[in-house]
Amino acid sequence: MSATHARKKPFLRLATAAVAMVAALGMAACSGGAASSSSSSSGAQVGDRSPEQIKEAGEIVIGIFSDKAPFGYIDADGKPAGYDVVYGDRIAADLGVTAKYVPVDAAARTEVLASNKVDITLANFTVTPERAEKVDFANPYFKVSLGVVSPTSAEITDVSQLAGKTLIVTKGTTAEAYFEANHPEVKLQKYDQYSDAYQALEDGRGDAFSTDNTEVIAWAIQHPGFSVGIKSLGETSYIAAAVKKGNTALLDWLNNELVELGKENFFHKDYEQTLAPVYGDAATPDDLVVEGGVDTVVLVGQGGSTQAPMTITKY
């Protein structure tokens with residue numbers, strides 16, 4: 001764990017770099033149609049394109065977070081980085097094209113697909129029934145549940161302690177949906193950006209912050225004085241790439257790509273490159289990674305592991 005602390009990469013410093021770079025990324029994206037639907041040299045709009053049309057255009061447009069380290073953020077050199085970006089780079093490489101990354105807010109992840117601003121959304125996108133009505137999800141590559149981080153001096157270790165208190169959430173996330181559906185007694189303070197939500201927690205504007213457990217665990221490791229008192233809340237959820245509703249050609253390509261990547265344990269390698277330096281001993285790749293698009297679980301009483309299909313969170 002000491003090695004992890006020795007390699008700190010302050011989230012808010014990265015977020016500050018992200019703010020400085022969003023305008024530049026946005027300008028680059030606008031030239032390809034991020035501000036409005038666009039057509040490539042193949043004549044097909046971004047978002048509607050098949051893999052062959054993307055290859056003809058020579059570029060794939062991918063929506064990512066720019067302020068959610070270690071999954072999607074802008075590094076010290078001003079470049080997109082993180083677990084999702086490594087996956088995006090591989091998608092582009094296997095298509096034989098370059099990747100153009102477009103920063104997206106959590107609440108806009110479906111909209112950027114519907115409005116033809118991106119071909120794929122890779123912004124740590126949790127599969128839910130509501131979202132699946134608006135976009136098509138590929139098979140998963142990661143699994144999470146919710147977590148809650150709070151000041152160590154007033155640590156929240158059970159949801160019941162949040163009654164009447166203020167919980168910080170990011171708009172458009174599963175944490176927002178979960179607490180609205182299951183805990184109306186908790187007052188929610190909502191932010192558009194993850195960086196703003198974490199800053200609100202540090203400033204004491206709320207009693208705790210909830211998002212994916214992978215996120216809050218990583219953040220707390222690098223921020224002394226904060227603890228993840230609730231490490232797993234709600235059901236296991238799955239993270240997957242998403243494409244515009246009805247783009248079956250690109251969806252099928254992504255699912256076949258996941259199978260091929262699983263043969264080389266790609267996401268375990270991605271984890272070691274981007275997440276292990278942050279998590280240290282707090283997690284293992286087998287806890288979080290999904291290879292081949294299919295989750296491997298151990299069934300109690302079965303004496304071994306079996307392949308389980310992706311399940312969709314019920315909130």
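This text leads through the open and enclosed spaces of the structure and then through one pair of packed helices. The model is predicted, so that local features need pLDDT of at least 70 and side-chain atom pairs count only at pLDDT 80 or more, while totals for chains, interfaces and linings use all residues. Residues are numbered from 1 along each chain as its sequence is written, and side-chain values use heavy atoms, with hydrogens and water left out.

The largest pocket (an open set of points on a 1 Å grid over the protein atoms alone, with protein on both sides within 12 Å along at least five of seven lines) holds about 310 Å³ of space, a volume being the space filled by probe spheres set on the points, which are joined across faces, edges and corners. Of its 17 lining residues (those with an atom within 4 Å of a point), the closest to the centre are Thr128, Glu130, Arg131, Gly172 and Thr173. Helix 7 (174-182) and helix 6 (129-132) each supply at least two residues of this lining, the largest share, four residues, coming from helix 7; helices here are DSSP runs (H or I, at least four residues) numbered from the N terminus.

The whole structure has two cavities of 30 Å³ or more, a cavity being a set of points where a 1.4 Å probe fits but cannot get out. The second largest cavity holds about 50 Å³, and its lining includes Arg131 and Thr173.

Elsewhere, helix 4 (residues 83-95) and helix 11 (residues 266-274) pack at about 135°, with their axes 9 Å apart; axes are lines fitted to C-alpha atoms over the stretch in contact, and angles run from 0 to 180 degrees between N-to-C directions. Helix 4 is therefore oblique to helix 11, a word for angles that are not under 35 degrees (roughly parallel), over 145 (roughly antiparallel) or 65 to 115 (roughly perpendicular). The contact (heavy atoms within 4.5 Å) includes Tyr83 and Arg90 of helix 4 and Phe266 and Asp270 of helix 11.
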